[in-house]
Amino acid sequence: MAGSAPAGGRPLIITEDPLLLDDLLRLCAAAGAEPHARHEVPERGGAVGVGGEAGSAGWESAPLVLVGDDAARRVRGAPRRAGVFLVGRDLDDPQVWQRAVEIGAEEVLRLPDAESRLVDRIADVVEGAGRPALAVGVIGGSGGAGASTLACALAVRAARAGERTILIDGDPLGGGMDVLLGGESAEGLRWPDFAASRGRVGAGALEESLPELHDLRLLSWDRGDRVVVPPAAIRSVVAAARRRGGVVVVDLPRRVDEPVAEVLAQLDLVLMVVPGELRSVAAAGRVAAGVRMVARDVRVVVRGRCEGGLDPESVAGLLGAPLAGEVPVEVGLPGRVAEGEPPGTQGKGALARFCDGFWQRALGSALGVPA
């Protein structure tokens, strides 16, 4: 049985093709990796190969092995292991798949078409990527529904429970999640700083660049005029935020344009906050129709008591979505927020209790534990 790929460390490149080696070194650099390059297969225990040093990355100890197509026949006797990729340029070679099977390769990658895929795999090794973060979006079914308040509270409670937490402000025209957290002047990057991002964004670099407030990282908008970030940049940033695990909470605007669709496509769950009144339910129906075109899972959170004989289950039924729960209106919350206390801070409040229960169910389900 093939062994599992070791975590961390430096990738191993095996090839005698100088052009292919140059390409692989360039792609490793793009992924932030410093590989070992060798012309022959290291023996068990990391024995010396051409261009290597004693004790450096061996076939079995390297987290990832990139075998040039020119070297495939020479590695057929190496021990089977995970994390081996056969890399070359000839798209029309009918024997490539046989050689891949012979060396136990997980995948055949042909350059230049597979460059992006290869950079992602190398970067995963460098960053120690594991289970992605549970990504939850919060959207208001109508104006003033309290979606931003719930998003902030969810992030605060997750961080206080010890989860790695990133809160993303997805609404450039909103009041600003940094205001709710009291971090308008906190040092760190904002959305406009990522507008030129292309390809893969490093997860560690992203996290370290963001303001840290109340034990979580926040990606918000600045006070400048820019309110649009290209969809490709949004896709890269959200993917990076998820890559290190924990939870990601996104405060969403009610309109579903192309940038918002990029976010929705990466979310595991969207909570739609609906005030308990008939007009809000009617407005939420239109919002839900747009969100469901992209999102995988949309659930309803009813805020406050319903009028007109509607109970929370009926509201969810009218919207054609499962009920995630009911959040009572918390007396005194606006005043506490105005005084600098973020939503969800008071552990005994109704909002905090809802968030704690939600995370217990959601994280338990994500980990395969019955909710």
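**Reading a cavity, a sheet and a hairpin**

Reader: Let's start inside. Which residues line the largest cavity?

Author: This is a predicted model, and in it the largest cavity is lined by Glu330, Leu333, Arg336, Glu341, Pro342, Gly344, Thr345, Gln346, Gly349, Leu351 and Ala352. Two elements, helix 11 (333-338) and helix 12 (350-366), give two or more residues each to that lining.

Reader: How many cavities of 30 Å³ or more does a search of the whole structure find?

Author: The search turns up 1. The largest cavity holds about 50 Å³ of space.

Reader: And how do the residues of its lining divide into nonpolar, polar and charged?

Author: The split is 4 nonpolar, 4 polar and 3 charged.

Reader: On to sheets. How do I read one in general?

Author: Begin with the pairing: strands of a sheet pair through backbone hydrogen bonds, either parallel or antiparallel. Then follow the order of the strands. Here, 5 strands form an open sheet, with parallel pairing and the order 2-1-3-4-5.

Reader: Why is one side of strand 2 and of strand 5 left without a neighbour in the sheet?

Author: Strand 2 (36-38) and strand 5 (107-110) are at the edges and have a single partner strand each, so each has one side without a neighbour. Going from one strand to the next, the twist averages 25°.

Reader: Can we zoom in on one pair? Which residue of strand 3 stands opposite Ile13?

Author: That's Leu66. The strands in question are strand 1 (residues 12-14) and strand 3 (residues 65-68), paired in the parallel sense over 3 bridges.

Reader: Now the helices. Which strands does helix 1 lie across?

Author: Helix 1 (residues 18-30) lies across strand 1, strand 2, strand 3 and strand 4 (84-88), and runs at about 165° to strand 1. Helix 3 (residues 115-127) also packs on the sheet, where it touches strand 3, strand 4 and strand 5, and its direction makes about 125° with that of strand 5.

Reader: Where does Pro112 lie?

Author: Look in the loop between strand 5 and helix 3. While you're there, check the backbone: the peptide bond joining Leu111 and Pro112 is cis, with omega at about 5°.

Reader: Next, strand 9. Are its faces covered, and which residues sit on each side?

Author: For a question like this, read the side chains in two sets, one per face. In strand 9 (residues 216-219), Leu216 and Leu218 are on one side, Arg217 and Leu219 are on the other, and all are buried, so both faces are covered.

Reader: How many bridges join strand 7 to strand 9?

Author: Strand 7 (residues 165-169) runs parallel to strand 9, and 3 bridges join them. One to look for is Leu167, whose bridge partner is Leu218. Strand 8 (residues 212-213) pairs with strand 9 in the antiparallel sense, over 2 bridges, and there Glu212 has Arg217 as its bridge partner.

Reader: What about the turn of that hairpin: how many residues are between the strands?

Author: The hairpin of strand 8 and strand 9 has 2 residues between the strands. The loop there holds His214 and Asp215. Neither is a glycine, yet His214 has a positive phi of about 55° and Asp215 has one near 70°.

Reader: Is Asp215 buried or exposed?

Author: Asp215 counts as exposed, at 58% relative accessibility, the cut-off being over 50%. His214 has a relative accessible area of 35%, which makes it partly exposed.

How values were computed:
Residues numbered from 1 in each chain as written. Predicted model: local features only at pLDDT ≥ 70, side-chain atom pairs only at ≥ 80, totals over all residues. Heavy atoms only, no water. Buried < 20%, exposed > 50% of the residue type's maximum accessible area, 1.4 Å probe, protein only. Helix = DSSP H or I, 4+ residues; strand = E, 2+ residues; numbered from the N terminus. Pairing = 2+ DSSP bridges. 1 Å grid on protein atoms, 1.4 Å probe; cavity = no way out; pocket = protein on both sides within 12 Å on 5 of 7 lines; lining within 4 Å. Points joined across faces, edges and corners; volume = space filled by probe spheres on them. Nonpolar A, V, L, I, M, F, W, Y, C, P; charged D, E, K, R; others polar. Axes fitted to C-alpha atoms, helices over the stretch in contact; angles between N-to-C directions. Contact = heavy atoms within 4.5 Å.
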